[in-house]
Amino acid sequence: MKIIFASSTTSDPDSWIRLLEEAIPGAEIVNWFDDSGTVGADLAITWSPPHDLFLREPGIQAVFNLGAGVDALLKLPGLRDNVPVIRLEDAGMAVQMAEYAVYALVRASRSFDRYQQLQGERRWEPQQDIRRRNWPVGVLGMGVMGARVAQVLAALEYPVAGWSRSGKALPDVQSFAGSDTLPAFLARTRVLINTLPLTPETRGLLNRETLGQLLPGAYLVNVGRGGHLVEDDLIPLLDSGVLSGATLDVFSQEPLPTGHPFWADPRITITPHVAAASLREETVAQVAEKIRRYRAGEALTGIVARERGY
Ligand code: NDP
Ligand code: OXD
């Protein structure tokens, strides 16, 4: 079985290929090169896939994504409807996502950004004590990432709610299900953490109208995809006081262009799409097991529902 390893952002594909070949007995894994011809691959292992992956390799029968989000992959020309797309599930990412959410939340709720500013001015000025009830958190998306975020924040005794398509029952987390419940979810939320996948339904969901429904002094954390946020709406929302700040890990264009106004805005914290990185050891083991099951005709998890887009 020939597998193509196609990633336009992995700096050391050879070491990935070595590990994958060790973990997948009998596999011949070939690296993608922009200028080489068709290799006749049966399967693809991919991340940030090259645009012409399926046009150049029409024999691909299944695709294994080295990440949770498949939005870039599903857009590629030549990906046939009957080709299963299998995504990574957690692989060390969920705990990092929760950690990132804690970092963003407590900087706002415990005035740590303000203390940093005060330190620069050599001022000893305790801020108001935290009242957790003043910091209700809403998590958009209650899948592998969102559920972990919600559980960790609930354990820190913040009032937490989660919104998803089908609803998710978790201890100490209020569940909202479906688009009809979005207004009520937003109306009880001060810190909004987005962990949704980017699909036709969720694109542009974070906009002037929805963010305007949050509680006063609202704070946005976007770790889903840049396409969820209508970026032109953000600075006006901050200027008008609807939002007090934002922590953004993902952008409609990555890397964020150096001239982009977000860089210079002190109310916006930027990280370069690092909220949660798939860990190599876990990833290789998970992909190898998924491929083993696929080849053996056994049930496997992480199959993307193509019609839903995630
Ligand atoms: P999952 O598929 O496990 O979870 C997706 C969640 O979103 C589910 O709860 C699903 O609802 C919900 N959802 C999807 N569409 C809708 C909709 N239209 N309305 C309401 N809820 C919806 O994905 P993961 O948690 O593994 O990953 C989520 C996303 O996080 C990825 O797609 C990726 O974009 C992003 N990500 C970002 C990273 C980073 O470093 N910044 C790292 C990893 C992931 P239901 O449960 O009902 O199906
Ligand atoms: C992912 C990501 O989707 O890293 O896995 O963004």
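These are legends for an overview and three close-ups of a predicted model.

**Figure 1. The whole chain, built from 10 helices and 12 strands.** The C-alpha trace stretches about 65 × 40 × 30 Å along its principal axes. For 310 residues, a compact globule would come out near 19 Å in radius of gyration, and the 21 Å of this chain agrees with that. Buried residues account for 50% of the chain. On the charge side, there are 30 positive and 36 negative side chains, and a search of the whole structure turns up 15 salt bridges.

**Figure 2. Glu201 and Arg165 pair up between two loops.** Their closest N and O atoms sit 3.7 Å apart in this salt bridge. Glu201 belongs to the loop between strand 9 and helix 8, while Arg165 is in the loop between strand 7 and strand 8, 36 residues away in sequence. Glu201 is exposed, at 58% relative accessible area, whereas Arg165 is partly exposed at 43%.

**Figure 3. A salt bridge between Asp233 and Arg208.** Here the N to O distance is 3.4 Å. Asp233 lies in helix 9 and Arg208 in helix 8, so the pair ties together parts 25 residues apart in sequence. Asp233 is buried, with just 11% relative accessible area, but Arg208 is partly exposed at 49%.

**Figure 4. Arg292 and Glu298 as part of a network.** The two side chains meet in a salt bridge at 3.1 Å, N to O. Both ends are partly exposed: Arg292 at 40% relative accessibility and Glu298 at 33%. Shared partners bring Glu289 and Arg293 into one salt-bridge network with this pair.

How values were computed
Residues numbered from 1 in each chain as written. Chains lettered and ligands numbered in written order. Predicted model: local features only at pLDDT ≥ 70, side-chain atom pairs only at ≥ 80, totals over all residues. Heavy atoms only, no water. Helix = DSSP H or I, 4+ residues; strand = E, 2+ residues; numbered from the N terminus. Rg over C-alpha atoms; globule rule 2.2 N^0.38 Å. Buried < 20%, exposed > 50% of the residue type's maximum accessible area, 1.4 Å probe, protein only. Lys, Arg positive; Asp, Glu negative; His and termini not counted. Charge placed at Lys NZ, Arg CZ, Asp CG, Glu CD. Salt bridge = Lys/Arg side-chain N within 4 Å of Asp/Glu carboxyl O.
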